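Student: I should like a close look at a single part of this model, namely one strand and its partners in the sheet. Please describe how that strand is paired and then place it in the wider arrangement.

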Amino acid sequence: MSEDWSMGQEPHAAVLVARGLIEHPEKLDHVLLDDEEGWFVSDGTEFGDDPELDQDQFATMCLHDVVELLPQLTALAKLPAGMGADWDADSASWVLISPIVPSDDEETRAYRDARAAAWPHAGSPADEANLSLGLMEISTAADAPARRVRYASRDEDGTWMFVGFDVPDPDEETDVEVDTLELGHVAQLYPDVAELLDAEPGEVFFREAPDAEWLQMIDDGE
Ligand SMILES: [Zn+2]
């Protein structure tokens, strides 16, 4: 085990790992971090309702052994609970996802209600927000550009859009490719947008540099 342990969970935390990955770690497909910070690591095999089949297809391993097998997991050390990521081997990047939790049992509902009750801003943490693709990715490259939000706007219908510094001209909104994450996940990934989240629909914010103050853009009709 490495001395500079960076994961948010303890080294011996139990991880559910698709057995195929033990022989073929290059087949990594996606990971999920559940509400209770339990990791699930898959080669595309889904965890199902058949305990015997699941037992055949998945093994339980210590997180430190999984990190040794799949070192790219350390790039997700700060992943918020309840999120997931698809592994893109070609770009050696993770693409973040807010997974849809299909189960509607009492526990899931209680978690969702507690999360909504703790949300201090307008709307719900489960609302979909649009993000430029750079904000959706976590690269494992050492020289990857800083993932920070440069531009944030709240649509007239209340939907948020966030654009990162990876996009050359954030004013060219129509050219920005976006995907969606839950607003609550965005606020955890990019805590410096939290101060904006009580904005009224139609408000737009911008900053010149990753550490600069947020400025509100006023539409002067030009
Ligand atoms: Zn261990």
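**Strand β6 and its surroundings**

Tutor: In this predicted model, a suitable place to begin is a single residue pair: D88 has S93, in β6, as its bridge partner. The pair belongs to a longer ladder, since five bridges join strand β5 (residues 84–88) to strand β6 (residues 93–97), and the two run antiparallel. Together β5 and β6 make up a hairpin with four residues between the strands. One residue of that turn, A92, has a positive phi of about 50°.

Strand β6 also pairs with strand β8 (residues 137–139), again in the antiparallel sense, here over three bridges. Two of the residue pairs can be named: W94 has I138 of β8 as its bridge partner, and V95 stands opposite E137 in β8. As a general point, side chains in a regular strand alternate between the two faces of the sheet.

The wider setting is an open sheet of seven strands with mixed pairing, in the order β4-β1-β3-β2-β5-β6-β8. In that order β6 stands between β5 and β8. The edges are formed by β4 (58–62) and β8, each of which pairs on one side only. From one strand to the next, the twist averages 25°.

The model contains a further open sheet, of six strands, ordered β11-β7-β10-β9-β12-β13 and likewise mixed in its pairing. Its edge strands are β11 (178–182) and β13 (215–217); each has a single partner strand, so one side of each is left without a neighbour in the sheet. Neighbouring strands here are turned by 25° against each other on average, direction ignored. At the β13 edge, strand β12 (residues 204–206) and β13 run antiparallel and are joined by three bridges. Within this ladder, F205 has Q216 of β13 as its bridge partner.

The domain assignment gives the protein chain a domain 1 (14–97) and a domain 2 (118–217). Strand β6, at residues 93–97, therefore lies at the end of domain 1 under the bounds of that automatic or database assignment. The centres of the two domains, taken over C-alpha atoms, are separated by 27 Å. Domain 1 and domain 2 each contribute 10 residues to the contact between them. On the side of domain 1 that touches domain 2, eight residues are nonpolar and two are polar, while no charged residues occur there.

Methods:
Residues are numbered from 1 along each chain as its sequence is written. This is a predicted model: local features need pLDDT of at least 70, side-chain atom pairs count only at pLDDT 80 or more; totals for chains, interfaces and linings use all residues. Two strands pair if DSSP finds at least two bridges between them. Axes are lines fitted to C-alpha atoms, for helices over the stretch in contact, and angles run from 0 to 180 degrees between N-to-C directions. Two residues are in contact if their C-beta atoms, placed from the backbone, lie within 7 Å. Ala, Val, Leu, Ile, Met, Phe, Trp, Tyr, Cys and Pro count as nonpolar, Asp, Glu, Lys and Arg as charged, and the others, Gly among them, as polar.
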